[in-house]
Amino acid sequence: MNQQGYVATPPYSQPQPGLGGFSTGFGQPTSSPLFGHYGNTNPSSSAPQPALLKTNVPFGSPAPVGSPPPSTHQFNQTSFQNGPSSTAQQLHRFPAPPSSCPPYSHPSQPSYPNSSLSSSTAPLANQLGNMQINNYGPSTATKPPPCMPGPPPTLQGPPPQPQQMALSPGPQIPPPPANNLNSQCSPPSFSPAARQEGIPGSSPLNANLPQQFPSQPSGPGFPPQYGNYGPPIGGAQLSYPGGLPSGPAQLAGPQQKKLHPDSIPSPIQVIENDKTSRDGQVFVTNIRGQVPPLVTTDYVVQDQGNASPRYIRCTAYCFPSSSDMAKQAQIPLAAVIKPFANILPNETPLYVVNHGEAGPIRCNRCKAYMCPFMQFIEGGRRYQCGFCSCVNDVPPFFFQHLDHIGRRIDHYERPELSLGSYEYVATLDYCRNNKQPQPPAYIFMIDVSYNNIKSGLVKLICEELKTVLDRLPREEQEEVSTIRVGFVTYNKVLHFFNVKSNLAQPQMMVVTDVSEVFVPLLDGFLVNFQESRLVINNLLDQIPEMFADTNESETVFAPVIQAGMEALKAAECAGKLFIFHSSLPTAEAPGKLKSRDDRKLVNTEKEKTLFQPQTNIYETLARDCVANGCCVDLFLFPNQYVDVASMGLVTLHTGGTLYKYNNFQVHSDSHQFLNDLRKDIEKKMGFDAIMRVRTSTGFRATDFLGGIYMNNTTDVEMAAVDCDNAVTVEFKHDDKLNEDSGALIQCAVLYTSMSGQRRLRIHNIGLNCSSQLADVYKSSETDALINFFVKSAYKAILTQPLKTVREILVNQTARMLACYRKNCASPSAVSQLILPDAMKVLPVYMNSLLKSCVLAGKPEISTDERAFHRQLVMSMDVAATQLLFYPQLLPIHSMDVNSEVFPTAVRCSEERLSEGGLFLLANGLHLFLWLGVSAAPELIQGIFNVPSFAHVSTDVTRLPEVKNPYSTKLRSIINHLQSKTPYSMKILIVKQREQAEMAFRQLLVEDKSVYGGASYVDFLCCVHKEICQLLN
């Protein structure tokens, strides 16, 4: 079966041992197979380990080194001429800044591996110019140009054994003309449309010049500005990857064409196409292996036998039928499971099934729960398990006759027979100590050290708690929440408060022995908020005054968590700790930390230690918290290094959420913090949870990634799981899959509800299986793949060098695409870049991941920021990672204020900005409003209520509520963006050409990063080169 692919043609016109400053074997040498676990350099390994990226399938032997033989096919250009070629010199795409702008320092270290400069380096512009994409239709080309030679002879390791794989015939997509002025081929030709727009030129900068202010495109309102540097100088701009190592870099040559960004796959186009075809539609889940709408599309789910994609998304909805085929394709087989996902108001909530003392019906052999995949036989008296094929007796109370097609006549009356997701009420057998659990409790633990009192933070927290506790979460049928609350303050010692409803005043008890923490009171510590409201409000008024004169600046941290856990344990209930903390815990106590923000370790073998906890106390504490159902949410307010890697560990493993507000100021940051606190307290969630993922025969779950704790290889333990927590599960074959029965997955979560009831939440999904690779590629989902790759990589950096992790990510990207090119695409020139339609934007997301602050490995980025970012991502769902790695960039100046429709997003590149524009950029954690220097005064007046660009203050973090259409529309867009993300995003106003613009530009992920990461165009070129080598 053939699949129409996505084609690009960068024919490399001559053999080149290196590309743009890095060696031919970008990443791991292509001649040696890459093994399934990080850092294994021993080619004799045979057993793949359950780790991140497994790429041990060879793609044929490497091509001979040196010039291609005379018989090498030459690409025939003449049949593709579509207009006269234009070689006129264009304006350079990245003019220098005005002289008032400070130049960015040139990064000394490349962000990607293997950047050694080859002595014979061809200009990167040649390759970029040769790369044309978006050409569909029948092809007449039969001869490829000379492609890349194989690896240089210095590469170690035996060459992989050749594999004979016939390319299947099918529809062909034509390669556009080559565009290399130095080649033997004819000059490039562009379509008339492209000539009208003008393809940006690429007159390269002199590599000896300082790195300039991030690119300011020569679009509307961006005249070339050379500052003190003079105009661009001819020569090769080796912008990939990251910076120029020393070596012969100035290669003179004629002016080259640059690949136009519009001609490479656009994530925005993919998103908009999906919206056009599926927006607002009902997605019915009655078909196995159905690919759902993208996470960026609005849709309504109707459950008819498979779980909603809000609960489970897969990297592929058709699994390869054999393990050999899976190894060949290299596509990770994984599911991103968000068991407590929020659903739309017009979608049906989960039904709760109650079989009384009999409890849920389960297969005797594999223990799978009754679901639509069970087949009833023998007149309804028995059923065959869809997961292990075991035949079980139907309990008498559950018996029902079958209809003429063998289906029970009560099929549609029972959620567990007709729906993909539902809940069971659990019996005492599923409860701790065979006792029904108590309703959970929330304990608020406030750091009252000197800084927090003086900054006004403690007063802010206390004032907010008075009102927010009215909104504690509750079950749908309950009038008031049954969750109890308790209060602790601390610095070097802990203060517990008795807030029993019959007291006139709250009572404080101090625990000074922080090495052996105990709970000084039980009765009166955890109370019902409605009953004790007066005493609690009295306490919240008194706390800021009580500690107003404190001089204590040292704090403890581990004993605080220990105390909260012991309090929940004594009350025999699960619950959550809300800890508000601001400094490194340096007081003498268990869990004491020292500052270790050593950036000299970046890009060394010891860099991984920066992401590991300083002491094993926090790992022990995390295990104890999970065992006692104690979840920890941590709100950090640091002014300096606080060792997030250590302090955040308990939060990560207990299913909690970490928030961080650097240099917190009450007047500017309180809005963001209070929004986060309100969202966090109001979240619907389950407590003391255990998740088990079961599969049908032939494959099994092998790895689990997320904010979880695992005591064994199968049970995923979470002290709590909320509506934003997602666990990514990887699957591996252990036998051949049956194409008729498919691949079935059942996720069961045992948890305590907010009312204290023990329940089981079941999600089922059926996937297709196929022996055709094209079916697997067609059913894959890029957004879910990126979620898997980022979590796998962020887990791997705890034990592997970052360079190794980056190499493996690039290598696996190339191998996935090379396998498609070899086995699914129509026969065509090797030099064509053909991308599967479902993965055509995978390279832009992968490049964004490689440039992320966690993997970039740059000393300019703080260690805490990297650890924080890593921890957040480990619990993210598919929608959150999609937005994080390809932010939304909205042109505000072009919005229609009279329409309810939001402006269409544009690509994340500086080329899309204009001096007269206003752009809103959101990535789920940050929200920037970028103002062009020539923005229309009426727009500035309408939004900021000031007369001009110069009058806008960049210190404001909230937009003024001006009563006019511009302001109303922009604020409604911002509110909509905020409602879609788990975290509240603080608005940062950024003016063009001011220093603060640097942070904004970091999120323009299609451009070269200021820390040295490659641009999308460069990365695509690099991946194509890897694919060429694999195919040779």
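**Close-up views of a predicted model**

**View 1. Gln-871 is buried at 8% relative accessibility, where buried means under 20% relative accessible area, exposed over 50% and partly exposed in between, with a 1.4 Å probe and protein chains only.** Gln-871 belongs to helix 19 (residues 863-874), helices being DSSP runs of H or I with at least four residues and strands runs of E with at least two, both numbered from the N terminus. When neighbours within four places in sequence are set aside, Gln-871 is in contact with Val-644, Gly-648, Leu-649, Thr-651, Leu-652 and Leu-658, contact being heavy atoms within 4.5 Å. The model is predicted, so local features need pLDDT of at least 70 and side-chain atom pairs count only at pLDDT 80 or more, while totals for chains, interfaces and linings use all residues. Residues are numbered from 1 along each chain as its sequence is written, and side-chain values use heavy atoms, with hydrogens and water left out.

**View 2. Two residues that are not glycine, Glu-378 and Asn-434, have a positive phi.** Most residues other than glycine have a negative phi. For Glu-378 the angle is about 50°; this residue is found in the loop between strand 11 (375-377) and strand 12 (382-384), and is partly exposed at 41% relative accessibility. For Asn-434 phi is about 55°; Asn-434 is placed in the loop between strand 14 (421-425) and strand 15 (441-447), and with a relative accessible area of 48% Asn-434 is also partly exposed.

**View 3. Strands 31, 32, 33 and 34 form an open sheet in that order, with mixed pairing.** Two strands pair if DSSP finds at least two bridges between them. Strand 31 (888-891) and strand 34 (987-991) stand at the edges with a single partner strand each, so one side of each has no neighbour in the sheet. From one strand to the next the twist averages 20°. Strand 31 runs antiparallel to strand 32 (residues 918-922) and is joined to it by four bridges; Pro-891 has Phe-919 as its bridge partner in strand 32.

**View 4. The second largest cavity holds about 110 Å³ of space.** A cavity is a set of points, on a 1 Å grid over the protein atoms alone, where a 1.4 Å probe fits but cannot get out, and lining residues have an atom within 4 Å of a point. The second largest cavity is lined by 14 residues, of which Phe-283, Gln-290, Ala-307, Tyr-317 and Ile-765 lie nearest its centre.

Notes: On a 1 Å grid over the protein atoms alone, a cavity is a set of points where a 1.4 Å probe fits but cannot get out, and a pocket is an open set with protein on both sides within 12 Å along at least five of seven lines; lining residues have an atom within 4 Å of a point. Grid points are joined across faces, edges and corners, and a volume is the space filled by probe spheres set on the points. Axes are lines fitted to C-alpha atoms, for helices over the stretch in contact, and angles run from 0 to 180 degrees between N-to-C directions.
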